[in-house]
Amino acid sequence: LLSTTPQSSLDIENVIMDAEARRNLSRRISSRQIVEASPMKDMENKPLWKMRRLQLFSLCLVIFTVGVTLGVVLGVQRNKDDSNENPAPAPTDTSDTTDRDVGNLTNETTVAPTVAPSVIDNIFASDEPTTQMLGSTRESFIQDVLPEYTVAALEDPDSDQSKALDWLWSDPVEAAALPLFRRVQRYAIAVNFLAGTNFETQEQIARSGYMNSEHECSWPQKEGVCSVDGEFQVIDMADNPFVVGTIPPEIGLLTHLERFDISRTSMKGSIPSTLGLLSQSLQHVVAEETDLTGPLPSEIGHLNSLTELTITQSDLTSTIPTEVGRMTDLQALSLNENALTGPIPSQIGNLNESLTMLGLHSN
């Protein structure tokens with residue numbers, strides 16, 4: 001501007017005004033760019049009370065959400081606790097029942113009474129509480145529990161079965177207080193004791209240590225005759241000079257019996273077919289030097305768990321039953337020195353995977 005020589009003062013003023021205008025325009029543009037490049041400026045310019053209100057609203061929303069969630073959780077838990085304290089009543093059975101069915105509702109474990117071996121075994125194994133009064137009286141014990149062959153023997157008041165029954169129910173309260181499996185077990189052992197010995201009088205029986213109020217597992221026997229649950233597992237009368245009787249069919253009621261040994265006794269009579277009822281438990285049958293007679297019953301083939309069958313120096317007759325081939329766990333079969341006749345059954349060949357000893361000499 002200084003180097004220019006204006007023709008008039010008006011031109012100089014115009015030039016000065018143009019320069020001033022350009023400077024102002026440049027300042028406005030720079031200021032606008034700064035504002036656009038700094039968006040937080042607006043936040044800084046907002047009033048403080050608006051920001052505080054927004055924060056308070058957010059805090060209230062969080063507190064409300066947490067409260068609703070806790071209320072729902074506590075409500076569900078309370079309902080669950082109430083349902084546990086007051087369970088719904090069990091549905092009742094409205095079906096018709098007979099007087100006998102009503103009388104059978106007791107706490108003892110048993111099943112419907114029949115003479116089937118599986119049912120007798122279930123008397124010991126079942127946990128069903130649907131027949132709690134079964135056998136809780138003498139009459140019910142006879143009619144609902146005992147097998148037919150025992151009931152038939154009860155017609156003779158002098159039979160071993162009748163004497164054992166009279167002893168068992170001599171104290172009805174004590175007998176009824178026992179679990180059913182204990183009543184059956186005590187009765188069966190008492191019958192076997194009376195049938196297998198020559199004890200006749202009460203004094204003789206009392207001196208023997210049998211048939212008293214003590215647990216039957218504590219009656220004179222060798223150690224380990226019972227399981228931890230009180231189930232009778234062993235009858236070992238070997239070398240007992242008082243054993244001069246017979247094996248009663250009630251041995252089939254001892255469904256947990258594992259070992260039966262009457263060696264070197266004067267046990268006589270035949271082997272009862274009810275021995276075959278012990279199919280799930282009996283493992284050893286030993287009768288050396290006895291007076292047993294008669295045939296080996298075919299029902300012995302039901303003894304699936306039997307590992308030893310030794311009946312020697314006795315008087316067994318007839319033939320070896322073919323059913324021995326069913327005893328697939330049998331390891332020792334010894335029938336030496338009897339009066340057996342006939343051929344050796346080919347079914348013994350079925351035991352080729354288990355049998356390690358076979359003795360049939362002196363027949």
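So, Asp239: with a relative accessible area of 47%, Asp239 counts as partly exposed, where buried means under 20% relative accessible area, exposed over 50%, and partly exposed in between, with a 1.4 Å probe and protein chains only. Before I go on, this is a predicted model, so local features need pLDDT of at least 70, side-chain atom pairs count only at pLDDT 80 or more, and totals for chains, interfaces and linings use all residues. Residues are numbered from 1 along each chain as its sequence is written, and side-chain values use heavy atoms, with hydrogens and water left out.

Okay, back to Asp239. What does Asp239 form a salt bridge with? The partner is Arg264, and the closest N and O atoms are 2.7 Å apart. A salt bridge here is a side-chain nitrogen of Lys or Arg within 4 Å of a carboxyl oxygen of Asp or Glu. Asp239 sits in the loop between S1 and strand S2 (259-261), and Arg264 in the loop between S2 and S3, so the pair ties together parts that are 25 residues apart in sequence. Helices (H or I, at least four residues) and strands (E, at least two) are DSSP runs, by the way, numbered from the N terminus. Arg264 is partly exposed too, at a relative accessible area of 37%.

By that rule we get seven salt bridges. Another one joins Arg259 and Asp261, with the closest N and O atoms 3.3 Å apart. Arg259 comes out partly exposed, at 27% relative accessible area, whereas Asp261 is buried, at 7%.

Now, Glu216 and Arg182: buried or exposed? Both are buried. They form a salt bridge, and its closest N and O atoms are 2.7 Å apart. That pair links distant parts of the chain: Glu216 is in the loop between helix H11 (202-208) and strand S1 (234-236), Arg182 is in helix H10 (residues 180-196), and the two are 34 residues apart. Staying with salt bridges, those that share partners join Arg182, Arg186 and Glu216 into one network.

On to the sheet. It's an open one with three strands, in the order S3-S5-S7, and the pairing is parallel. Strand S3 (268-269) and strand S7 (315-316) are the edges, each pairing on one side only. Two strands pair if DSSP finds at least two bridges between them; S3 and strand S5 (residues 291-294) have two bridges, in the parallel sense. If you want a spot to click on, Gly269 stands opposite Leu292 in S5.

Next, helix H6 (residues 138-145), which is where Ile142 lies. Which residues of H6 are buried? Ser140, Phe141, Asp144 and Val145. They cover an arc of only 100° around the axis, so they're on the same side of H6; the arc is that of the directions from the helix axis to the C-beta atoms.

As for Ile142, leaving aside its neighbours within four places in sequence, it's in contact (heavy atoms within 4.5 Å) with Val151, Leu154 and Leu165. Ile142 and Leu165 are 23 residues apart in sequence, and C-alpha to C-alpha they're 9.0 Å apart in space.

Last stop, helix H3 (residues 48-85), home of Leu56. Leu56 counts as exposed because its relative accessibility is 53%. With Leu59 and Ile63, Leu56 makes a nonpolar surface patch of about 310 Å². Patches are made of residues with over 30% relative accessible area and no salt bridge, with like charges joined within 9 Å and nonpolar side chains (Val, Leu, Ile, Met, Phe, Trp, Tyr) within 5 Å. The accessible areas come from the Shrake-Rupley method with a 1.4 Å probe, and for residues only the protein chains shown count as cover.
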